[in-house]
Amino acid sequence: MVKNGGMVHIDSTTLFQTHKDLLFAIAYRMLGTANDAEDIVQDTFVDVQQAGFRRDVKDEKAYLCKIVYNKCKDYMSKTARARSAYRGPWLPEPMLTEDPAERVLFQESLATAYLILLLQLSETERSIFVLRQVGSFNYAEISYIVEKSEANCRQIYRRAKQSIGQIELRSMPDPTRTRLLIEQFVYALQNGDIAKLMELLADDIVFAADSGGQVPGSLVPVRTAERTARFLMKTSGFVPTGMITEIEQVNGQWGLVLSLGADILYVFSFQLHNDRIQAIYATVNPDKLIYIRRQKNRV
């Protein structure tokens, strides 16, 4: 640690290794975009490396989260118009994660269905909810980060929790059972077994595909088991020859990654309830697959 005027310079490499996972976890849940979350974390450490900490900073973790929070807030303001004009359903960017049995870093809140709920909150509600749930900050620390009174933070958190709680994910499904269901789902599609597929789908299933208008497909969610099964059977015929389908850890749960050579073309996430598929989220927008493609190619 080196003191220089009103600033304190510390070992930025150690700082980065200590806090980068938490900062990424917070930024990703606030934005729903892994690439942007990674950029914000990198920019935060560049800023700190160049400027150092003020002498009055007593909590490095909270200070770093405050910088990330402000950068996320600025980013959301700049992209609000583009987000509102987005064509079709907007889904969070998928990412590869560790074995769900480990369930590290609050992987329950990494599930695609849960992230969608978070992104339906207001920016302030989402920020405070994430800081409390993922960052485990107390209200005094949250007050410092978001620059609102502790009482206000408590009220906002309570309101956000009530909103999430109305449709909150019940519990993490059993990983073994989840994988078996997905294997059966793939088998039914590959063999054109619509009766088997119907057995796996909940009656009120929702299928949503995020293409951003860049890839042909439905720009509105498909609902009910019969319509979803017929839609999947129809579109599975468009899969290119040589496509490889792999069951991978996607956002803390088993999902599907479909690739052609080194290029990932489709990523499927699932929400299960009572041993049936309640929702299917398909990401096909090439821009949304850049991060997971980089992850896959590093393995």
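In what sense do E6 and strand E7 pair, and over how many bridges? Keep that one in mind while I set the scene.

So, hi everyone. What you see here is a predicted model. The protein chain has 299 residues, and 48% of them count as buried. Going through the secondary structure, we get 11 helices and 9 strands.

Let's go to the sheet. We're looking at an open sheet of 6 strands, and the pairing is mixed. Read across, the order goes E5-E4-E9-E8-E7-E6. At the edges sit strand E5, residues 222-223, and strand E6, residues 244-250, and each of those pairs on one side only.

Quick reminder for anyone new to this: strands of a sheet pair through backbone hydrogen bonds, either parallel or antiparallel.

Okay, back to my opening question. E6 and E7, which covers residues 253-260, pair in the antiparallel sense, over 7 bridges. If you want a spot to click on, try Glu248: its bridge partner in E7 is Gly255.

Now, which helices touch this sheet? Helix H10, residues 225-236, packs on it, touching E4, E5 and E9. The direction of H10 makes about 45° with that of E4. Then there's helix H11, residues 290-298, which lies across E6, E7 and E8. H11 runs at about 105° to E8.

Let me zoom out before I stop. Take the contacts between residues at least 6 apart in sequence: 68% of those join residues at least 24 apart. And on the outside, the chain exposes about 14,900 Å², with carbon and sulfur atoms supplying 49% of that.

That's it from me, thanks!

Methods: Residues numbered from 1 in each chain as written. Predicted model: local features only at pLDDT ≥ 70, side-chain atom pairs only at ≥ 80, totals over all residues. Heavy atoms only, no water. Pairing = 2+ DSSP bridges. Helix = DSSP H or I, 4+ residues; strand = E, 2+ residues; numbered from the N terminus. Contact = heavy atoms within 4.5 Å. Axes fitted to C-alpha atoms, helices over the stretch in contact; angles between N-to-C directions. Buried < 20%, exposed > 50% of the residue type's maximum accessible area, 1.4 Å probe, protein only. Areas by Shrake-Rupley, 256 points an atom, 1.4 Å probe, with all protein chains shown as cover.
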